[in-house]
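Colleague: Please take a close look at the interior of this model, with its packing and its enclosed spaces, and at any unusual backbone geometry. I would prefer one connected account.

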Amino acid sequence: MVASEVRALFAVASRPEIVSLAGGMPNVGALPLDDIGEIVQRVVADQGTVALQYGSAQGDPVLREHICEVMRLEGIEADSDDVMVTVGSQQALDLVTRVFINPGDVVLAEAPTYVTAINTFAAFQADIRHVAIDEDGVIPEALEEALANLAAAGRRAKFFYTVPNFHNPAGVTLSAERRQRVLEVCQRYGLLVLEDNPYGLLRYEGEPLRALRADAPDNVIYLGSFSKTLSPGFRIGWALAPPAVRDKLVLAAESAMLSHSTFNQMVVRQYLASHPWREQIKDFNEMYRERRDSMLSSLESLMPAGCSWTVPQGGFFVWVTLPEGLDAKAMLPRAVTERVAYVPGTGFYATDEGHRCMRLSFCYPTSDQIREGVRRLVSAIENEIALRDTFGGATSSTTAGPDAPTPDLP
């Protein structure tokens with residue numbers, strides 16, 4: 001187990017003089033905090049003896065019914081018995097890996113992919129193989145090639161891990177046409193799909209796309225979360241899995257933490273039952289759309305030649321590729337001296353890739369802070385370009401790598 005690139009950034013990013021474009025923290029200040037406070041009081045006053053007691057490892061049954069209602073917005077029709085509540089979707093990811101992976105088993109994941117997924121798979125000693133993506137998400141031909149190569153070697157993957165909507169870290173979305181092709185490839189090879197969808201309802205343009213789980217209920221385990229559409233502090237996520245898999249996940253959860261916080265589940269279920277949560281998500285989307293637009297316009301007007309970036313339709317992230325000869329991880333300490341932070345791209349690969357890339361997050365800082373952060377970032381990049389042009393080659397030889405000094409950020 002190793003520390004993630006993201007966790008290492010938290011301490012520095014919290015300094016008041018730093019504009020952090022690093023962490024994907026939602027803006028919980030936009031929540032109706034008074035309403036949530038009243039819900040908390042009501043749960044304690046009316047149901048305190050239940051809310052403060054042990055609960056089921058599968059999760060509160062009423063909350064699971066509400067979760068089915070949430071998933072229906074993306075085309076999923078599910079039975080609440082097949083839903084398992086988890087401590088954030090991260091625990092669901094851990095439990096699925098715990099159930100399926102033995103040391104040396106192959107996991108297919110996009111390149112790049114969610115940093116903590118890499119750490120989870122590695123902790124269970126999985127053999128992580130990457131599959132290329134582009135602006136339309138994972139490339140079906142690359143996925144099929146990876147599966148064919150494994151079959152030729154007498155091996156098979158346990159599952160394919162994907163973040164299809166507003167990808168973390170790349171910000172791209174798997175197109176509707178590719179979704180069907182990916183499902184066809186996986187079904188042909190008998191491959192389970194692990195669909196991680198924490199950002200799916202945070203769409204700022206275009207039309208919602210059907211979840212992979214909606215079209216392949218027997219072949220997809222779906223992971224969801226309230227961390228982005230409500231609050232990460234409640235630590236409520238879920239897994240929707242075929243019954244045989246769900247039963248194993250419940251057993252794994254019992255051994256890991258016995259039961260979830262009944263109190264948190266009852267607060268969230270009361271919020272979903274009594275609060276106009278769909279309108280709240282619309283409010284979030286308007287706020288995040290403005291911040292995304294501020295970042296994209298700043299990048300367009302300020303970034304030097306040779307830089308490129310993705311244009312997300314939703315979610316929290318923009319993926320930036322630097323000019324040839326620059327190394328984002330090596331540049332980070334110098335960027336911090338410019339009082340701006342980001343996440344280097346190397347943390348999102350299980351292999352030695354991503355040196356020219358960085359993840360920028362627009363969800364937490366204000367639009368003014370984003371514009372100032374991009375200005376500071378551009379200053380750091382221009383300094384790196386000057387160093388490259390003066391001395392030649394990449395600027396990473398003395399600082400990149402696992403032992404390099406990096407700022408103490410989350």
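Modeller: In this predicted model, Arg-235 is partly exposed, with a relative accessible area of 34%. The residue sits in the loop that joins strand 8 to strand 9 (237–240). Its phi is near 55°, a positive value in a residue other than glycine. Phe-166 also has a positive phi, near 55°, and it too is a residue other than glycine. Its setting is the loop between strand 6 and helix 7. With a relative accessible area of 1%, Phe-166 is buried, whereas Arg-235 is partly exposed. Such values deserve notice because most residues other than glycine have a negative phi, and most peptide bonds are trans.

Peptide bonds form the second part of the backbone account. The loop between strand 6 (157–162) and helix 7 (176–188) that holds Phe-166 also contains Pro-169. The bond from Asn-168 to Pro-169 is cis, with omega near 20°. Another cis bond runs from Ala-111 to Pro-112, where omega is near 5°. Pro-112 belongs to the loop between strand 3 (106–111) and helix 5 (115–123).

The interior itself is best approached through its packing. In soluble globular proteins, nonpolar side chains tend to be buried together. Here the largest nonpolar core comprises 102 residues, and Leu-108 and Phe-226 have the most contacts inside it. Helix 11 (residues 277–302) is the element that gives the most to this core, contributing eight residues. Domain 1 (5–30 + 279–389) and domain 2 (52–274) both supply residues to the core, so it lies between the two domains. A second, separate core has 28 residues, among them Val-107, Ala-126, Val-163 and Ala-252.

Phe-226 offers a useful point of entry to the largest core. Leaving aside residues up to four places away in sequence, Phe-226 touches Leu-63, Ile-67, Val-70, Ser-231, Ile-236, Trp-238, Val-268 and Leu-272. It also leads to the enclosed spaces, since Phe-226 is among the residues that line the largest cavity and is likewise found in the lining of the second largest.

The structure holds four cavities of 30 Å³ or more. In the largest there is about 100 Å³ of space. Its lining is formed by Val-70, Met-71, Glu-74, Asn-197, Pro-198, Gly-200, Leu-201, Tyr-222, Ser-225, Phe-226, Thr-229 and Trp-238. Helix 3 (61–72) and strand 8 (220–225) each give at least two residues to this lining. By character, the lining residues divide into seven nonpolar, four polar and one charged. Two members of the lining, Val-70 and Trp-238, are also partners that Phe-226 touches.

The second largest cavity has a volume of about 60 Å³. Around it lie Val-70, Leu-201, Phe-226, Thr-229, Leu-230, Tyr-271, Leu-272, Trp-277 and Ile-281. Helix 10 (262–274) and helix 11 are the elements that provide two or more of these lining residues. Eight of the lining residues are nonpolar and one is polar, with no charged residue. Val-70, Leu-201, Phe-226 and Thr-229 belong to the linings of both cavities. Helix 11 thus brings the account back to the packing: it supplies lining residues to the second largest cavity and gives the most residues to the largest core.

Definitions and conventions
Residues are numbered from 1 along each chain as its sequence is written. This is a predicted model: local features need pLDDT of at least 70, side-chain atom pairs count only at pLDDT 80 or more; totals for chains, interfaces and linings use all residues. Side-chain values use heavy atoms; hydrogens and water are left out. A nonpolar core is a set of buried Ala, Val, Leu, Ile, Met, Phe, Trp, Tyr and Cys residues joined through side-chain atoms within 4.5 Å. Buried means under 20% relative accessible area, exposed over 50%, partly exposed in between (1.4 Å probe, protein chains only). Helices (H or I, at least four residues) and strands (E, at least two) are DSSP runs, numbered from the N terminus. Domain bounds come from an automatic or database domain assignment. Contact means heavy atoms within 4.5 Å. On a 1 Å grid over the protein atoms alone, a cavity is a set of points where a 1.4 Å probe fits but cannot get out, and a pocket is an open set with protein on both sides within 12 Å along at least five of seven lines; lining residues have an atom within 4 Å of a point. Grid points are joined across faces, edges and corners, and a volume is the space filled by probe spheres set on the points. Ala, Val, Leu, Ile, Met, Phe, Trp, Tyr, Cys and Pro count as nonpolar, Asp, Glu, Lys and Arg as charged, and the others, Gly among them, as polar.
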